Amino acid sequence: MGKLIVIEGTDSSGKETQTKRLYEKLKEEGFNVKKITFPNYESPACAPVKMYLAGEFGENALEVNPYPASTMYAIDRYASFKKEWEDFYNQGGIIITDRYTQSNMIHQASKITDPAEKKKFMEWLVDLEFEKMRIPKPDMVLFINMPFELAQELMKNRENKITGEKKKDIHEKNSEYMKKSYENACDMAAEQGWKEICCAEEGKLRTIEEISEDIFHAVKENLEDR
């Protein structure tokens with residue numbers, strides 16, 4: 001059995017950049033590693049996710065039912081596992097992924113304010129993805145903590161990943177939703193025992209390289225404990 005390392009964080013936290021850097025550094029060290037990303041916008045299984053993000057099920061992200069929304073993302077992950085990396089993982093390979101089930105925990109659970117309802121949702125989600133769909137559980141989750149205000153600044157000129165245009169999806173254009181997701185992510189990181197990687201010190205952004213080094217050393221230590 002392989003290892004599954006998840007890079008998480010809210011939008012504009014640098015997940016894509018840091019996942020790529022981690023992959024390259026592990027490759028250089030001789031590890032048998034594969035990099036994947038969610039959502040997998042190239043896959044037909046991702047079509048409902050694209051519809052959701054385009055606002056076809058509701059323009060206000062906070063009002064779209066988190067259960068079907070989570071199921072759409074889960075199906076995308078299941079398809080990716082079965083078609084792209086199941087054999088590699090089962091043969092001992094290391095998977096580095098930009099987002100995973102934890103993104104549903106961050107973004108979809110943020111829509112639920114009642115603690116009992118949120119707990120019920122989390123139990124349902126874990127059962128759906130790991131027990132019913134039987135996709136692998138992560139061995140390590142790293143949470144890139146980009147403070148909300150700094151993330152909002154970075155997002156201003158970012159292009160939409162689906163369209164390549166400046167138009168924002170229903171998550172990105174809803175600052176109330178993004179703030180709730182960030183606060184929920186910080187809570188989840190503490191509750192779930194994720195490894196937190198801080199992006200800022202005293203209100204100032206750390207360099208990409210400094211953050212990258214922290215991630216690499218944390219992951220290498222985890223892999224050497226195998």
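This report walks through the aromatic groups, the nonpolar cores, one helix and a few individual residues of a predicted model.

## Aromatic pairs and their cluster

Let's start with the rings. The model has ten aromatic pairs. Take F38 and Y100: their ring centres are 6.0 Å apart and the planes meet at 50 degrees, so this one goes down as tilted. F38 comes from the loop between β2 (33–37) and α2 (47–53), while Y100 comes from the loop between β3 (94–98) and α4 (101–107), so the pair ties together parts 62 residues apart in sequence. Both F38 and Y100 are buried.

W85 and Y89 have their ring centres 6.0 Å apart too, but with planes at 90 degrees, so they count as edge-to-face. These two sit in helix α3 (residues 66–90), four residues apart, and that puts about one helical turn between them. As a reminder, an α-helix has 3.6 residues a turn, so residues three or four places apart point the same way. W85 and Y89 are both buried. Step back a bit and a single aromatic cluster takes in F38, F81, W85, Y89, Y100 and F130.

## R77 and E129

R77 is worth a click. It lies over the face of F38, 5.9 Å from the ring centre. The charged end of R77 also sits over the ring of Y100, at 6.0 Å from the centre of that ring. So which side chain makes a polar contact with the side chain of R77? That would be E129, at 2.8 Å.

E129 belongs to helix α5. With a relative accessible area of 0%, E129 is buried. Setting aside neighbours within four places in sequence, E129 is in contact with S70, A74, R77, T101, N104, R134 and I135.

## Two nonpolar cores

The largest nonpolar core holds 27 residues, and L4, W85, Y100 and W194 have the most contacts inside it. At least two residues each come from β1 (3–8), α3, α4, α5 (115–132), β4 (140–145) and α7. Helix α5 is the top contributor here, with five residues. Y100 shows up again: skipping residues up to four places away in sequence, Y100 touches L4, V6, E8, F38, R77, W85, F130, I135, P136 and P138. Apart from this core there is another one, of 20 residues, including I94, I144, M146 and I215.

## Helix α7 from end to end

Does the length of α7 add up, and what are the numbers? The helix covers residues 175–192, which is 18 residues, and at 1.5 Å a residue the expected span is 26 Å; the end C-alpha atoms are 25 Å apart, which agrees. At the N-terminal end, N174 acts as a cap, with a side-chain oxygen 3.3 Å from the backbone nitrogen of E176. Just past the other end, G193 takes a positive phi of about 75 degrees.

Which residues of α7 are buried? They are Y177, M178, S181, Y182, N184, A185, M188 and A189. S181 has a relative accessible area of 0%. Beyond neighbours within four places in sequence, S181 is in contact with T10, I106, H107 and S110.

## M140 and F216

M140 is in strand β4. Its relative accessibility is 11%, and it therefore counts as buried, the cut-off being under 20%. M140 touches L4, I5, V6, K195, A218, V219 and N222, leaving out residues up to four places away in sequence. The C-alpha atoms of M140 and E123 are 19 Å apart, with their positions 17 residues apart along the chain.

F216 is found in helix α8 (residues 208–224). At 7% relative accessibility, F216 is buried. Its contacts, neighbours within four places in sequence aside, are L22, K25, L26 and E29. F216 and R21 are 195 residues apart along the chain, and their C-alpha atoms are separated by 8.5 Å.

Definitions and conventions
Residues numbered from 1 in each chain as written. Predicted model: local features only at pLDDT ≥ 70, side-chain atom pairs only at ≥ 80, totals over all residues. Heavy atoms only, no water. Expected span 1.5 Å × (residues − 1). Buried < 20%, exposed > 50% of the residue type's maximum accessible area, 1.4 Å probe, protein only. Polar contact = N/O pair within 3.5 Å; in protein donor to acceptor, adjacent residues only side chain to side chain. Phe/Tyr/Trp six-rings, centres within 6.5 Å; stacked < 30°, edge-to-face > 60°. Lys NZ or Arg CZ within 6 Å of the ring centre and 35° of its normal. Core = buried A, V, L, I, M, F, W, Y, C linked by side-chain atoms within 4.5 Å. Contact = heavy atoms within 4.5 Å.
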